[in-house]
Amino acid sequence: MPRPGLRILLSIAAVLPVTPAVAANLTIRVENVLPAGGILRLGLYDEARYPDDNAKPIAAADVPAVAGETVITLQGIAPGAYAIQAYQDVNSNDRMDTSWIGLPLEPFGFSLDIKPFLSKPVFNAVKFIVTAGENSQVVHLQNSVKNSPAEKARDTIRARQRK
Amino acid sequence: MRHQQPRTCKSGLLALALLLPGGGALAQDQDNLFQDMQFTSTFGLGYSNGDYGTTRNTNVLIGLPILSATTDDFKFSVSMPYMRVSGRGLVIFDAAGNPIVVNRRTTLPPATRTGFGDLSFSGTYSVPSSFMDDFQVKVSAGIKVPTASTRRRLSTGETDFTMSMDVTRSFGDWGPFVTIGYLVPGQPTTFTLYNTVSVSAGTSYTISDNLVAVVSYDYDSASTPLVTASHELFGSLSWIREGGMTLTGYGTLGLSTGSPNIGAGLVLSYAFR
């Protein structure tokens, strides 16, 4: 649900121990951000770190979720192949809430807007190339319908219908 | 804004990786089942007027309190309406709120019937969107227990069962939907009731972050041999406030003799833990 809104431009320093000689900046536009608020949590991974859920991301940002679109800029990244994983921590409880069978309850997204099925997609499906200089990516959050204003409105109407 | 916190991202990724978790994760989530439960109280006030194919109008005023509990993808609700029905006693209502014309005699004296309606329970399961791509699918089942007075014609005196499926897809600010329902009424001894099919097709439109409009065409097949199918146009405007409150105003316009001529109402909903 792309919606014009305030854009937050954030500069997050990469966490590489040594800043690469030829650095890149990556601007990520995260779309479909719910007006429910919370924190938008985003991580950038290389191929080695991506499969390991306990690995530290190459760079990451936790920023206030801005309804519609939130823009994040990661700076000082070494050129290479990366993957993005992001989710909107609507209730700011520092974790992505899941259902009793482990399915995500909060909006999430991957680079290239790949949709997972039963497990997160493999690195090759979500990877993109970062080159020296300025780069940009767009990530549309998935799983947003459930908590959307439209869904809340329809829930109220369903109550009227007593069905 | 917080700077990089790899731990927070890790927890999210872990969740994505565990779309089909092992027993340990399952047990942990079950421990959180009630902790994560959200409760919603809703109160609706609705008015409708129609002749339903008879020669006299029936006016209906319904106050409908609903309590709901939501956990993960499940929602359970219980409701009991308070009704004020004025007319000649020709019309009662089934579990889906559809009019049931039980007698076409117009010699009955006009009367106003008031009291609590039947107690209804329903459960809804939202199929996770991980399985449904960009679609959202909800399946519901409900039961109406005949707690209301049959003498005052506030109930059929029978137990009804309902089931429905709702499919929605978001296209930007538009959210077209189709809802299909099926009602199996209990069979009273004094009149005949049909199983009914209902279809609602429409769309929501998100005007702003806290304002949503919905329009739909609603169809219900005839519930008795004495009334025709119901065709209605429905429109609503919802104001969604931060903190869990939603206020909805709605109106209906009947397109057939089996539906109310007009209807209007307000629904106030508040979500809390």
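**Salt bridges, strands and confidence in a two-chain model**

Me: Does Arg41(A) count as buried or exposed?
Reply: Arg41(A) has a relative accessibility of 2%. The cut-offs are under 20% relative accessible area for buried, over 50% for exposed, and in between for partly exposed (1.4 Å probe, protein chains only). At 2%, Arg41(A) therefore counts as buried.

Me: What pLDDT do local features need in this model?
Reply: Residues are numbered from 1 along each chain as its sequence is written, while chains are lettered from A and ligands numbered from 1 in the order in which they are written. Side-chain values use heavy atoms, leaving out hydrogens and water, and because this is a predicted model, totals for chains, interfaces and linings use all residues, side-chain atom pairs count only at pLDDT 80 or more, and local features need pLDDT of at least 70.

Me: Which residue forms a salt bridge with Arg41(A) at 3.1 Å?
Reply: A salt bridge here is a side-chain nitrogen of Lys or Arg within 4 Å of a carboxyl oxygen of Asp or Glu. The closest N and O atoms of the pair are 3.1 Å apart, and the partner of Arg41(A) is Asp94(A).

Me: How many residues apart are Arg41(A) and Asp94(A)?
Reply: Helices (H or I, at least four residues) and strands (E, at least two) are DSSP runs numbered from the N terminus. Arg41(A) sits in strand β3 (residues 39-45) of chain A, and Asp94(A) in the loop between β6 and β7 of chain A. Asp94(A) is buried, with a relative accessible area of 19%. The two link distant parts of the chain, with a separation in residues of 53.

Me: Which residues are linked with Arg41(A) in a network of salt bridges?
Reply: The structure holds 13 salt bridges over all chains. In the network, Arg41(A) is linked with Asp62(A), Asp89(A) and Asp94(A).

Me: Which parts of chain A are tied together by Glu69(A) and Arg29(A)?
Reply: Glu69(A) and Arg29(A) form a salt bridge, with the closest N and O atoms 2.9 Å apart. The pair lies 40 residues apart in sequence, so Glu69(A) and Arg29(A) tie together strands β5 (residues 68-77) and β2 (residues 24-33) of chain A.

Me: Which accessibility class applies to Arg29(A)?
Reply: Its partner Glu69(A) has 5% relative accessibility and counts as buried. Arg29(A) has a relative accessible area of 34%, and so is partly exposed.

Me: In which loop is Ser92(A) found?
Reply: Phi of Ser92(A) is near 50°, a positive value in a residue other than glycine. At 40% relative accessibility, Ser92(A) counts as partly exposed. The loop is the one between β6 (80-89) and β7 (108-110) of chain A.

Me: Which strand of chain A has the lowest mean pLDDT?
Reply: pLDDT is the predictor's confidence in each residue, from 0 to 100. The mean for chain A is 81, and 82% of its residues reach 70 or more. Among the elements of chain A, the highest mean (96) belongs to strand β8 (residues 128-130), and the lowest (41) to strand β1 (residues 11-13).

Me: How many contacts does the stretch of residues 1-18 of chain A have beyond near neighbours in sequence?
Reply: Where pLDDT is low, predicted coordinates should not be read in detail. Over residues 1-18 of chain A the pLDDT is below 50. A contact means heavy atoms within 4.5 Å, and beyond near neighbours in sequence the number for this stretch in the model is 56.

Me: Which residues of strand β10 of chain B point to the buried face?
Reply: Side chains alternate along β10(B) (residues 160-169). Phe161(B), Met163(B), Met165(B), Val167(B) and Arg169(B) point to the face that is not buried. The buried face carries Asp160(B), Thr162(B), Ser164(B), Asp166(B) and Thr168(B).

Me: Which residue in the turn between β10(B) and β11(B) has a positive phi?
Reply: Strands pair if DSSP finds at least two bridges between them. Eight bridges join β10(B) to strand β11 (residues 174-184) of chain B, and the two run antiparallel. They form a hairpin with four residues between them, and the turn residue with a positive phi, about 65°, is Gly172(B).

Me: Which strand contributes the largest share of the nonpolar patch on chain B?
Reply: Patches are made of residues with over 30% relative accessible area and no salt bridge, joining like charges within 9 Å and nonpolar side chains (Val, Leu, Ile, Met, Phe, Trp, Tyr) within 5 Å. The members of this patch, including Phe43(B), Tyr217(B) and Leu253(B), have about 780 Å² of accessible area together (Shrake-Rupley method, 1.4 Å probe; for residues, only the protein chains shown count as cover). Three residues, the largest share, come from strand β1 (residues 38-50) of chain B.
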